[in-house]
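Biologist: Could we go through this model together, taking its architecture step by step?

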Amino acid sequence: MTQARVLGLPSLPRVVLPHPIGGTTMDTIAPKLDAAFEDILAGLTTPLPITAAGSAAVLRAERIDVPAGDDAWDDAQREFMRRGWGDGLPMVPPTPARVQAMLRFVDHAPDHVVAALAPRMGAATVEAIAVNAVMAGCRPVHLPLLIAAVHAMAERRFNLYGIQATTHCVSPLLIINGPLARVMNINGSTGMFGPGPWDNGVVGRAIRLLLLNVGGAVPVEIDKSTMGHPAKYTFVMAENEDASPWPSLRAERGYSDEVTTVTVVGAEGPHNINDHESITADGLLKMIAGSMAQPGQNNVYYAAEPLLILSPEHSATIAGGGYDKDSLKRKLFEDARVPLSMFSRENIERRMHRKFPELYKNAPDDVGVRLAHRPEDFMVVVAGGPGKHSMYVPTFGGTLSVTESIAHSDGRPYLGSDFGE
Amino acid sequence: MLLCSPEGFPLPLALAAAPRPARLDGLRIGLLDNTKAPVDKMMDYLADRLRDRIPGVTIFRIAKKHPSMQAEREVIEAVAQNADVVINALGD
């Protein structure tokens, strides 16, 4: 309905049948449809009052005068809550001086529209990104990264439209690759997902504030995530390239050594994989594949890019067994499969047979349900510090990751020297 | 205290709605679903009720390819060509 409003049809008629719908039968749905039937007919025949969308975009951030009392910080927090801005946590007041300072390292015009963020199709101008970055606690060095991430999230194949509104708990995960991860204080080693005195937290929070304030993913009204998820507050990592035995994610995607990239992934929260005992690659991969093979994840239903985050110690064991990234992905494609017998009969009949009749319609119960359509769809990165823990990150399914370089307005990649390094 | 708004202005997109018919008699009603179970059975039921209720109505059924993605252009064009009014149902 947010998109209908943006498109000039705020009164587009709708009829809501009370939940539950999924997982129920027509015995309970038919009475709901009967009760709504006259409203459905009326919705098709009642003339719509057409409200035209605005004729001209306002691309500079509105200035708001907040009456200051004894405590300007508290006054600002109250104003944020009153306007429905933010994630519920205190935010840094975005004064014009702070926003101006945030623009220090970018050469884009402040009113340059980086992207329109779904579903509200709000204009993510460079200035709007800067305002949200200030509120999240970011530093000016982070703004070029945020601009690249916003641009990446607006790519159609990322499906921000679905990610913002689904009942699933998906959130964009940002993976930073390259030399600027250190300059931006993005941790890819011990404790990278937090907490800690590094900047993963504020960068991810700026992304969330943008999705809320510009994209309009207001929980309950638009963001229908059944439970929400802690990763929706912030979800950022760097790849620990120095500790990886393989080409990095950015190298796989064709970027050279001096380029820093951000990859956005429509991700679930991570699930730990503990294996302290396996000392062979195949032993460890049996544990990893088994841990990934869960029936309740979206990746069994939709074309997806499941993400495996290997710890340096686990990656060394696997590489020591002769695996490169391609052979590892083929191994995961073959072994990380969910036995059809782990699905309920209802799921097999109502979903697996319907969506993938060629694979599962006449299959035995022990056939393995794949997590991706092709081996190369698996994503593998190396991150974290010492220890025998890796992580599996299922994805939303209806989304493909997007990688962008962190670049100036003319496309030149940012280098450390651009930040006085 | 002066603060900058974090809300990006919604970019204006000019689309016009098709005029609504006063009556549905003899029209083509499109039923567009998002493929999630049990929306197909809901649509079967709704189609039967529409046929029983509206003289001369015909039903055009079509589904998006993916429940969480926007309808593909060919789906939208097929709806525009084959339906006078559309009911878009989301199962979940």
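What follows is a set of questions and answers on a predicted model.

Biologist: How far apart are the centres of domain 1 and domain 2 of chain A?
Modeller: Chain A is divided into domain 1, made of residues 2–14 and 24–42, and domain 2, which spans 83–268. Taken over C-alpha atoms, the centres of these two domains of chain A are separated by 35 Å.

Biologist: Which strands of the open sheet of 4 strands in chain A stand at the edges?
Modeller: The strand order in this open sheet of chain A is β5-β4-β6-β13, and the pairing is mixed. The twist from one strand to the next averages 25°. An edge strand has a single partner, so one of its sides is left without a neighbour in the sheet, and in chain A this applies to β5 (236–238) and β13 (402–405).

Biologist: What is the bridge partner of A:Leu174 in β6(A)?
Modeller: Strand β4 of chain A, residues 171–177, runs antiparallel to strand β6 of chain A, residues 261–267, and 7 bridges join the two. Within this pairing, A:Leu174 of chain A has as its bridge partner A:Val264.

Biologist: Which strands does helix α6 of chain A touch where it packs on the sheet?
Modeller: Helix α6 of chain A covers residues 143–153, and its direction makes about 45° with that of β6(A). The strands of chain A that this helix touches are β4, β6 and β13.

Biologist: How are α5(A) and α6(A) oriented to each other?
Modeller: Two packed helices are described by the angle between their axes and the distance between the axes. For α5(A), residues 126–136, and α6(A), the angle is about 120° and the axes lie 10 Å apart. The crossing is right-handed, and, as the angle falls outside the 65 to 115 degrees that count as roughly perpendicular and is not over 145, the two helices are therefore oblique.

Biologist: How many residues in the contact of α5(A) with α6(A) are nonpolar?
Modeller: From α5(A) the contact takes A:Val126, A:Ile129, A:Ala130 and A:Ala133, and from α6(A) it takes A:Leu143, A:Leu146, A:Ile147 and A:Val150. No polar and no charged residues take part, and the number of nonpolar residues is 8.

Biologist: Which helix gives the largest share of the side of chain A that touches chain B?
Modeller: The contact takes 65 residues from chain A and 38 residues from chain B. On the side of chain A, these residues divide into 41 nonpolar, 17 polar and 7 charged. The largest share, 9 residues, comes from residues 26–45 of chain A, which form helix α2.

Conventions
Residues are numbered from 1 along each chain as its sequence is written. Chains are lettered from A and ligands numbered from 1 in the order in which they are written. This is a predicted model: local features need pLDDT of at least 70, side-chain atom pairs count only at pLDDT 80 or more; totals for chains, interfaces and linings use all residues. Domain bounds come from an automatic or database domain assignment. Two strands pair if DSSP finds at least two bridges between them. Axes are lines fitted to C-alpha atoms, for helices over the stretch in contact, and angles run from 0 to 180 degrees between N-to-C directions. Two residues are in contact if their C-beta atoms, placed from the backbone, lie within 7 Å. Angles under 35 degrees count as roughly parallel, over 145 as roughly antiparallel, 65 to 115 as roughly perpendicular and the rest as oblique. A crossing is left-handed if the near helix is turned anticlockwise from the far one by less than a right angle, and right-handed if clockwise. Ala, Val, Leu, Ile, Met, Phe, Trp, Tyr, Cys and Pro count as nonpolar, Asp, Glu, Lys and Arg as charged, and the others, Gly among them, as polar.
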